[in-house]
Amino acid sequence: MKRIRFSAAYPERLRHPLHRSIVGESPIARAELLMWSPTADATTLLWFDGDRDATTAAVEALDSLVARSLVRGAGGTYAFLRQDDYEFPAALLDTVASSRVIFLPPVVFREDGDVRFEAAGATAALSGFHDDLADLADLTIERVQEFERRATPSRLTDRQRAALEAAVSAGYYEVPREGTVADVAAALDCSTSTAGELLRKAEAAVVERAVESE
């Protein structure tokens, strides 16, 4: 099983109305589709990187909007929407419906017109989906990785994880710092140079995964 992060630039005619509302002069630069209902009433939970007024203006672009509830949070605004239609173009919905892959939240709509999303499935199914979607959009593969049934903050070896745990226990990451690399080395029964290398590699893995998730 693989998971692939795609970036798709759809032509204007295939952009979702909500996406069209944030491209250009809108104060909203990013909208994330976090959850969606499998039922016909198109219930969704989104997050916008703007205030309540800007979010209201964006969601009012939806002709299918039946009800909305907005809540400030996470540096932006959550929007719980109920619509009578998803408003995605039929060609796009047909491509998604006929695919043999699963889509992982969030789906990110960006002010530059790109849509970023992840899909998971067998290699052949992902390849077929890529080919079909590439007929509709300018498609870029940003990342390919193994699918993991449990989300992990980073790909750490057991030894690297032990080094981080020892560093936390020693107060190495406290402000001001209370522990030292020597304390980590003592906990792991290794040299200070080895402990330092383990920490550097573990920190690099954690930071890289954090940046990739943005």
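# Notebook: cores, cavities and odd backbone spots

I began with Ser37, which counts as buried because its relative accessible area is 15%, below the 20% cut-off for that class. A reminder to myself before going on: this is a predicted model.

**Entry 1, around Ser37.** I looked up where Ser37 sits, and found it in the loop between strand S2 (30-36) and S3. Strand S3 spans 43-48. Setting aside residues up to four places away in sequence, Ser37 touches Thr43 and Tyr86. I also checked Ser37 against Arg82: the two are 45 residues apart in sequence, and their C-alpha atoms are 9.6 Å apart in space.

**Entry 2, the largest cavity.** How many cavities of 30 Å³ or more does the model have? I got one. The largest cavity holds about 110 Å³ of space. Tyr86, already noted as a contact of Ser37, turns up in the lining of the largest cavity. The other lining residues are His16, Leu18, His19, Leu33, Thr44, Leu46, Leu62, Gln83, Phe88 and Phe109. Sorted by class, I have seven nonpolar residues, four polar ones and no charged ones in that lining. Helix H1 (17-22) and strand S3 each put at least two residues into the lining.

**Entry 3, the largest pocket.** Next I went to the largest pocket, with about 570 Å³ of space. Its lining has 23 residues, and Phe88, Leu93, Val96, Phe103 and Val107 lie nearest the centre. Phe88 is a name I had already written down for the lining of the largest cavity. Which element gives the most to the pocket lining? It is H3, with four residues. At least two residues each come from S2, H3, S6, strand S7 (114-121) and H4. The class split for the pocket lining is 18 nonpolar, four polar and one charged.

**Entry 4, the nonpolar cores.** The largest nonpolar core contains 34 residues. Phe6, Tyr10, Phe48, Leu81, Phe109, Phe117 and Leu133 have the most contacts inside this core. Helix H4 (residues 123-134) gives the most to the core, namely four residues. I then noted a second, separate core of 14 residues, with Ala163, Tyr172, Ala195 and Leu198 among them.

Phe109 deserved a line of its own, as it also appears in the cavity lining. Neighbours within four places in sequence aside, I find Phe109 in contact with His19, Ile22, Ala29, Arg30, Ala31, Leu33, Phe88, Asp114 and Val115. Of these contacts, His19, Leu33 and Phe88 are also cavity-lining residues.

**Entry 5, Thr55.** Is Thr55 buried or exposed? It counts as buried, because its relative accessibility is 0%. I located Thr55 in helix H2 (residues 52-59). Apart from neighbours within four places in sequence, Thr55 is in contact with Ile28, Phe48, Gly50, Leu70, Thr77 and Ala79. Phe48 is one of the residues with the most contacts inside the largest core.

**Entry 6, cis peptide bonds.** I looked at omega next. The bond from Pro105 to Pro106 is cis, with omega near 0 degrees, and Pro106 is found in strand S6 (residues 102-110). Val175 and Pro176 are also joined by a cis peptide bond, here with omega at about -5 degrees. Pro176 has its place in the loop between helix H5 (158-170) and helix H6 (181-188).

**Entry 7, positive phi.** Which phi does Glu87 have? I noted a positive value of about 70 degrees, although Glu87 is not a glycine. Glu87 lies in the loop between strand S5 (76-83) and helix H3 (90-98). With 16% relative accessibility, Glu87 counts as buried. Asp189, again not a glycine, has a positive phi near 55 degrees. Its loop runs between H6 and helix H7 (192-212). Asp189 counts as exposed because its relative accessibility is 70%, against a cut-off of over 50%.

**Entry 8, the record.** Last, I checked the annotation. The unreviewed UniProt entry gives "domain: HVO-0513-like N-terminal" for residues 16-146. In the model, that span is 27% helix and 43% strand, and its end C-alpha atoms lie 30 Å apart.

Note on methods: Residues numbered from 1 in each chain as written. Predicted model: local features only at pLDDT ≥ 70, side-chain atom pairs only at ≥ 80, totals over all residues. Heavy atoms only, no water. 1 Å grid on protein atoms, 1.4 Å probe; cavity = no way out; pocket = protein on both sides within 12 Å on 5 of 7 lines; lining within 4 Å. Points joined across faces, edges and corners; volume = space filled by probe spheres on them. Nonpolar A, V, L, I, M, F, W, Y, C, P; charged D, E, K, R; others polar. Buried < 20%, exposed > 50% of the residue type's maximum accessible area, 1.4 Å probe, protein only. Contact = heavy atoms within 4.5 Å. UniProt positions renumbered as here; feature names shortened; annotations may be inferred. Core = buried A, V, L, I, M, F, W, Y, C linked by side-chain atoms within 4.5 Å.
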